[in-house]
Amino acid sequence: MTIRNVLNEIKSNIKKICLELNFSVDNFVVEEAKPGFGDITSNVTFLLAKSLKNSPHEIAKTISKEYQKYLGKFITKVEAHSSGYLNFSVNYNELTKVILGESCKKNYGTIDIGDNSQIIVEHTSVNPNKSLHIGHVRNLVIGDSIGRILEKANYDVKILNYIDDSGLQVADIVVGFKHGGFPEEPPNSQKFDQYCGDVVYVQTTQKYETDPKLEELRNQVLSQLEDESSDVAQFAKKITKRVLAEQLKTCWRLGATFDCLNFESHIIQSKLWNTIFEKMKQMNLIELEKDGKNAGCWVIRSKSDEDKVLVRSNGTATYIAKDIPYAAWKLGILDDPFYYTKYCVQYNNKALWQTTLEKNSEVHPKFVSDKVITVIDSRQARLQKIITTLMTRFKAKPNAYVHLAYESVTLSTETAKSLGVDASSKQVQMSGRKGIYVNADSVLDTLRDKAYEEAKKRNKDSDKKALLEIAEKVSIGTIRYEMSKQDLDKIISFDTKRSLSLEGDTASYIQYAHARAKRILEKAAHEPNFDNILGSLGTSYEINLIKKIGTFDIQIEDAAKNLSPKVIARYCYDLAVAFNGFYEHVKVLTAGDESLVNSRLCLVSSFKQTIANALDLLGISALDRM
RNA sequence: GGGCCCGUAGCUCAGCAUGGAUAGAGUGUUGGACUUCUAAUCCAAUGGUCAAGGGAUCGAAGCCCUUCGGGCCCGCCA
């Protein structure tokens with residue numbers, strides 16, 4: 001029994017009453033009331049007012065009268081408020097025991113939306129020619145958090161990372177190494193992905209402007225990449241593997257893990273495109289253009305937009321054409337041409353698989369599903385819409401393919417200036433090609449150093465190793481929280497200075513609340529005894545905290561249904577606020593009365609577990625000391 | 001020219017799905033609280049024509065329309 005159950009019960013009772021009274025209504029809401037307006041409230045009266053031609057207040061009176069028979073242990077009072085609302089009072093003495101008891105269970109908050117059905121989440125998918133920048137981090141954090149949330153909502157989640165190892169960006173660094181004079185080994189033992197992105201890619205791209213021959217070489221390299229046996233393709237494979245290995249280190253550092261790496265080169269070699277191309281022809285989804293500017297091309301017609309070219313007049317496929325077989329593969333529309341091998345075992349003991357075309361007999365998990373979520377920047381919305389539409393034609397099920405779009409991360413004027421960019425506008429778009437970006441590892445390092453100093457101040461007797469561990473977890477938490485707490489359709493203007501803040505609405509505020517709770521439990525004379533909770537946790541600070549703890553599953557339902565990590569981020573913050581208020585105003589260890597001490601210890605313990613659970617959904621570590 | 005997104009306090013943002021009670025946080029500024037379970041905290045003050053206009057509604061920050069301001073996308077590039 002949680003608050004969610006209580007709300008559902010009230011809702012179903014109201015439905016029954018409406019049925020009995022012949023009131024026709026649906027879609028009404030039963031929710032927690034705003035502070036100062038009782039405990040639980042419903043707007044059903046307002047929705048009925050019109051059809052019944054009566055005032056909400058009068059309707060509330062009628063329903064509350066009928067509701068009396070449903071009152072019981074948890075809901076003790078119902079009343080018609082003069083504003084028209086139907087308000088319910090909760091007996092927190094009773095509900096507290098239940099909530100605190102539930103919250104220590106390992107799976108507290110778990111709800112069943114997914115019915116253990118499989119779902120694929122794809123995220124990160126950074127071209128293997130560069131290191132992750134702060135924009136990629138947003139993608140990773142959203143995807144990873146969504147994966148965790150969906151798992152909590154009882155989905156069987158598999159996470160994919162798509163590796164575009166045969167595109168133009170890879171060709172660019174191959175040109176740099178083979179023809180641009182860049183040594184294969186980075187100077188000063190620079191991290192290899194950073195070397196490729198910061199130096200080789202950026203400078204090679206610059207050289208195209210002055211050296212047209214180099215640009216011709218790029219086209220050669222690009223076509224050679226598609227022939228796996230070529231020297232160029234073999235060399236590219238070596239380089240991209242090395243970049244990928246470094247990128248994965250950053251991903252793991254950020255707390256993300258994957259189930260499978262899907263290589264674009266394998267999609268191309270598997271000839272999946274030919275299959276899907278034929279299928280689209282058969283289904284009349286595409287047309288061969290006879291005249292006009294696209295004469296000789298295969299195009300997708302669009303009512304609202306321009307026609308999209310899929311196959312050029314020279315017979316080669318365009319960029320979007322690579323995405324179509326891949327999307328179809330993910331949804332299991334095409335026969336799976338791949339074999340799988342283990343890439344490695346990740347830090348959390350989860351195996352990471354990768355596609356291969358070499359035959360083997362390894363037993364592997366299923367990486368295709370009839371429900372797929374792909375996390376991609378909203379700038380690709382137009383292309384993704386075409387793919388989504390195509391997929392619904394292949395697969396009748398609606399929402400099988402979801403493009404989870406998020407707005408980009410830009411740089412604040414100050415941060416752009418610090419990178420030497422001439423910034424006149426309020427924000428500056430990042431550009432990997434131009435070298436305008438903030439590197440993910442660098443931000444984490446800077447943040448870790450700052451957190452280290454803060455932790456050192458407060459823990460003078462702790463050793464360096466322990467402090468570093470704290471600092472690292474604070475820095476990861478800070479970045480992840482920063483990337484999670486904002487709505488997906490809002491641009492994040494990244495400012496280095498601002499992101500260094502460890503106060504206020506930040507991860508460290510929440511982590512600190514957890515550390516405070518942990519310290520109380522450490523110093524307590526005995527373990528909290530949950531069989532002996534008094535109904536006397538009556539201060540508003542305690543009730544607020546209990547209420548927040550009791551709504552964990554409501555938040556998970558919201559976050560999972562709306563694919564919104566932000567919901568959990570705000571919940572974590574609200575929960576921490578409730579605890580800090582409690583901490584400052586209510587004494588636990590020195591409360592005097594022994595049973596009161598025990599009851600409060602239970603509350604502290606319950607909070608500690610719940611906040612740790614909630615933070616885990618965001619990939620943020622709960623800290624025992626900081 | 002067409003499409004998508006954003007506009008709420010000085011700044012950064014919740015709230016909008018499901019219209020209803022008093023529009024909330026953080027930050028900033030000002031003041032206060034550590035002999036106390038860690039002050040990465042708490043308390044208080046300050047701060048809002050919810051971009052503008054219109055519409056439907058008993059009722060709009062929220063729904064519809066228009067306008068304005070800002071961002072992004074629209075290649076036989078990827």
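# A protein chain around an RNA strand

The surface near RNA strand B is made up of 23 nonpolar, 17 polar and 22 charged residues. The model is predicted. A residue counts as near when one of its heavy atoms lies within 4 Å of the strand.

Start with the RNA. There are 62 residues around RNA strand B, and Phe 37, Arg 312, Arg 382, Lys 490 and Tyr 512 come nearest. Of the strand's own atoms that come within 4 Å of the protein, 61% belong to sugar and phosphate. Two arginines reach phosphate oxygens. Arg 312 places a polar side-chain atom 2.4 Å from a phosphate oxygen of RNA strand B. For Arg 458, a polar side-chain atom lies 2.5 Å from a phosphate oxygen of RNA strand B. Glu 584 has another kind of partner: a polar side-chain atom of this residue lies 2.8 Å from a sugar or linking oxygen of the RNA.

Which elements give two or more residues to this surface? They are helix H12 (319-330), helix H13 (381-394), strand S16 (427-429), helix H15 (440-458), helix H18 (507-523) and helix H21 (565-585).

Now step back to the whole chain. Chain A is divided into domain 1 (3-90), domain 2 (271-335) and domain 3 (507-617). Taken over C-alpha atoms, the centres of domain 2 and domain 3 are separated by 54 Å.

Turn next to the sheet of 7 strands. This sheet is open, with mixed pairing, and its order is S11-S12-S7-S6-S5-S13-S14. Strand S11 (339-345) and strand S14 (401-406) each have a single partner strand, so one side of each is left without a neighbour in the sheet. Direction ignored, neighbouring strands here are turned by 25° against each other on average.

Follow the S11 edge. S11 pairs with strand S12 (residues 351-356) in the antiparallel sense, over 6 bridges. One bridge joins Thr 341 to Gln 354 in S12. S11 and S12 form a hairpin, with 5 residues between them. In the turn, Asn 349 has a positive phi of about 70°.

Helices lie across this sheet. Helix H9 (residues 231-253) lies across strand S6 (156-163), strand S7 (260-263), S11 and S12. H9 runs at about 60° to S11. Towards the S14 edge, H13 lies across strand S13 (372-377) and S14. The angle between H13 and S14 is about 165°. H13 also appears among the elements that give two or more residues to the surface near RNA strand B.

The sheet of 4 strands remains. How are its strands ordered? The order is S1-S2-S4-S3, in an open sheet with antiparallel pairing. Strand S1 (30-32) and strand S3 (75-80) are the edge strands, and each pairs on one side only. The twist averages 25° from one strand to the next.

Inside this sheet, strand S2 (residues 40-42) and strand S4 (residues 86-90) pair in the antiparallel sense over 3 bridges. Ile 40 has Phe 88, in S4, as its bridge partner. Helix H3 (residues 56-67) packs on the sheet and touches S3 and S4. The direction of H3 makes about 155° with that of S3.

Conventions. Residues are numbered from 1 along each chain as its sequence is written. Chains are lettered from A and ligands numbered from 1 in the order in which they are written. This is a predicted model: local features need pLDDT of at least 70, side-chain atom pairs count only at pLDDT 80 or more; totals for chains, interfaces and linings use all residues. Side-chain values use heavy atoms; hydrogens and water are left out. Domain bounds come from an automatic or database domain assignment. A polar contact is a pair of N or O atoms within 3.5 Å; within protein, one must be able to donate a hydrogen and the other to accept it, and residues adjacent in sequence count only if both atoms are side-chain atoms. Ala, Val, Leu, Ile, Met, Phe, Trp, Tyr, Cys and Pro count as nonpolar, Asp, Glu, Lys and Arg as charged, and the others, Gly among them, as polar. Two strands pair if DSSP finds at least two bridges between them. Axes are lines fitted to C-alpha atoms, for helices over the stretch in contact, and angles run from 0 to 180 degrees between N-to-C directions. Contact means heavy atoms within 4.5 Å.
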